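Student: I would like to go through this structure one point at a time. Please keep the answers short and end each on what I asked for.

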Amino acid sequence: LVFLSDMSRSPSFKVKEELSPSLDPESLQRWIVALCAIRFDLELGQLIEECYPPGCLTHDEELEIAYISHLKSKTSIATHSEITEVDKEFSPKPADKNSVSKRLSSTNSDNSVVILSHSPYSSVFKPLLQFVGPLYFDIGKIALELIAAYVSTWPAPVLGKLMDLPIGNALLKENLPPAHSLPKENGVSLDESAAPVAPFLPNNQYIPQGLFHDSDLYGAFHGLLLQLWLFWELLLGEPILIIAPTPPHVDFHPYFTIHDPQFAHLNSIREGETFPPMVLGVTILFFLKALHKIPYIVSVGSPPPSSNRVSLSTRSSTGKVSSRPEGLGLQQLSLQKFSPSSLLNAIKLWRDGPLCLMTEHKEAIWTTYSATTKPDTSILNRLIDAGMSPRRHFLELTINFLAPFGPYFRITAPLEGSSPYVDPPSLPPFNADEFLAILSARGPRKFILKQMKSNWLDFYRRFLNGPNFMPWFQRRRAVAEQKQDRLWRHARMKTDIQKLISKMAELEVVDSFSVIERLLLGELLLQQPGNGGIDSTVTCQKLMGDLQAVFSALTKDMQQLMLSNPQRASLLRGSPELTKLPALALVQAGGASSTSLT
């Protein structure tokens, strides 16, 4: 991800260079990959002027980063006056200041500073850019080195937590996005992702609710407020093309251009073929023609005063929202009251199609889809009066919509006094047809019944058949299974094995031996180098003691049979040689009964 500085002034802070920390490259990588300064030259094009740490990018990566950074910063030009204001709060080396000022005073180049990171921590990187951007334009390369050194002193990221992150004499106090909002490939363990969606919070409590939580969705869709419910439904996995007059500064979304490898694929999709699920935001009108087959096209925002496009008179934002019929599948919405002329304008806009944006930018949506969810105008009017975001309302809507799936994630804990050395029961199996039949007979929650039309069951059917359901469902199941596994592990740690054995029949003792052996081998596998498992030393010690206790309770003949296997004999002796067994053997032993060792 590329996080771009808007070259606004940095907060007042001071750094004593002689007290600056030294760079820890490994710790830096927990947060960012690199800090780069990009320069655009009319003769040479876009160039990476500085990159820190040096040598961390390939030549091709440098070219790509310079290109997309220039696209994002075409409207941002650092001026010498901005630099001198920052200079009042920071005492740089004279040589650095002069050389940088000389470069920036040239009218033939635009400059930008970017943060490169594998993690979408926009809540941290946006304020960090308020330091590093202006500071670089003030003192040059040393600013990148100083900021990188301070970032490398930060503690490891803790998802969903408020973190104190020092920069010089300043302190960033920022919330990281919750784990449930990150995909598994981002290095988030499943047990950290327990919540299906963000939890409810008091209205006065500000905590990130997901990725890019600081994006102003209310402001971005201010001209299409009644369409928010339609957008909520389309996020089930429908392909959406969103076009705006200009990208915002400090843009942190992946940038899409005609050079993107996906563009050639999207441009080659024929009439009748299905577009992949995506939300694609663009500012170049060329994409309207190239990707006109996308079934959902949305235009938002107003052109800036300096735009070369035909300007569009802005709509009033002081009136109340009023409901109106959906004419031809298009709601051309504003905050003005409904009138016959506005309906005619909406019909004309629908007839002209999205290519009318080539001559004049208008806020509208083009789709033939009829929404199931009914806009709640009372909610919108309260939001408009208070200047609040509708995010909380849609969070409640999402939670109520997903509630019927709750029984399929229900976990079972060991009963008090029962043996935890058995396989936990499986989670309830899921069948889409059975789920819909049960839901149809029982009906939806009152909240959903109030918010949706009579075809609410079709909306659930679309969700089940869409591309987002199965990845979400499988992840939630995996989270529930991990939770259940954790409960049973905790119960085993608390179990008095001698008391438990005294209540067992002979066959139960043998079965318990097999289960404990398998569990122990699984814990040993977690300790193998490179597996990234948790430290399970204490668990291994407890299981080892329980295995030996159960072994002692076996009959002599059964003990001899167990010891006939060298690996099991080594395991019962607690020999460290067991941990040197090939990983494959441990995997097989951990995933099957103890007879796999015989």
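Student: Which residue in β8 does Leu241 stand opposite?

Tutor: The model is predicted, and what follows is read from it. Strand β7 covers residues 240-243, and four bridges join β7 to strand β8, residues 279-282, the two running parallel. In that pairing, the residue of β8 opposite Leu241 is Leu280.

Student: Which residue in β9 stands opposite Ile240?

Tutor: Strand β7 also pairs with β9, residues 296-299. Four bridges join these two strands, which run parallel. Opposite Ile240 in β9 stands Tyr296.

Student: Which residues of β7 are buried on the side other than that of Ile240 and Ile242?

Tutor: In a regular strand the side chains alternate between the two faces of the sheet. In β7, Ile240 and Ile242 are buried on one side. Both faces of the strand are covered, and the buried residues on the other side are Leu241 and Ile243.

Student: Is Val279 buried or exposed?

Tutor: Val279 is found in strand β8 and touches Leu235, Ile240 and Ile242, leaving aside residues up to four places away in sequence. Its C-alpha atom is separated by 6.0 Å from that of Pro239, 40 residues apart along the chain. The cut-off for this class is a relative accessible area over 50%. Val279 has 52%, so it counts as exposed.

Student: What class of aromatic pair do Phe405 and Phe430 form?

Tutor: The count of aromatic pairs comes to 36. The rings of Phe405 and Phe430 have their centres 6.3 Å apart and their planes at 40°. Planes under 30 degrees apart would count as stacked and over 60 as edge-to-face. The angle here falls in neither range, so the pair is tilted.

Student: How many residues apart in sequence are the parts tied together by Phe405 and Phe430?

Tutor: Phe405 and Phe430 both lie in the loop between α13 (391-402) and α14 (432-442). Phe405 is buried at 0% relative accessible area, whereas Phe430 is partly exposed at 22%. The pair ties together parts whose separation in sequence is 25 residues.

Student: Which helices hold Phe513 and Phe551?

Tutor: The rings of Phe513 and Phe551 have centres 6.2 Å apart and planes at 45°, so this pair is tilted. Both Phe513 and Phe551 are buried. The pair links distant parts of the chain, 38 residues apart: Phe513 is in α19 (residues 506-526) and Phe551 in α20 (residues 537-552).

Student: What distance separates the end C-alpha atoms of α20?

Tutor: Helix α20 has 16 residues, and at 1.5 Å a residue it should span 22 Å. The distance between its end C-alpha atoms agrees with this, at 23 Å.

Student: Which helices do the buried residues of α20 pack against?

Tutor: The buried residues of α20 include Leu543, Leu547 and Val550. Cys540 is also buried, with a relative accessible area of 8%. The helices they pack against are α17 (469-494), α18 (497-501), α19, α21 (556-563) and α22 (566-572).

Student: How many disulfides are there?

Tutor: A disulfide needs two cysteine sulfur atoms within 2.5 Å. For Cys36, the nearest cysteine sulfur is that of Cys51, 3.5 Å away, and Cys36 is in no disulfide. The count of disulfides comes to zero.

How values were computed. Residues numbered from 1 in each chain as written. Predicted model: local features only at pLDDT ≥ 70, side-chain atom pairs only at ≥ 80, totals over all residues. Heavy atoms only, no water. Phe/Tyr/Trp six-rings, centres within 6.5 Å; stacked < 30°, edge-to-face > 60°. Buried < 20%, exposed > 50% of the residue type's maximum accessible area, 1.4 Å probe, protein only. Pairing = 2+ DSSP bridges. Expected span 1.5 Å × (residues − 1). Contact = heavy atoms within 4.5 Å.
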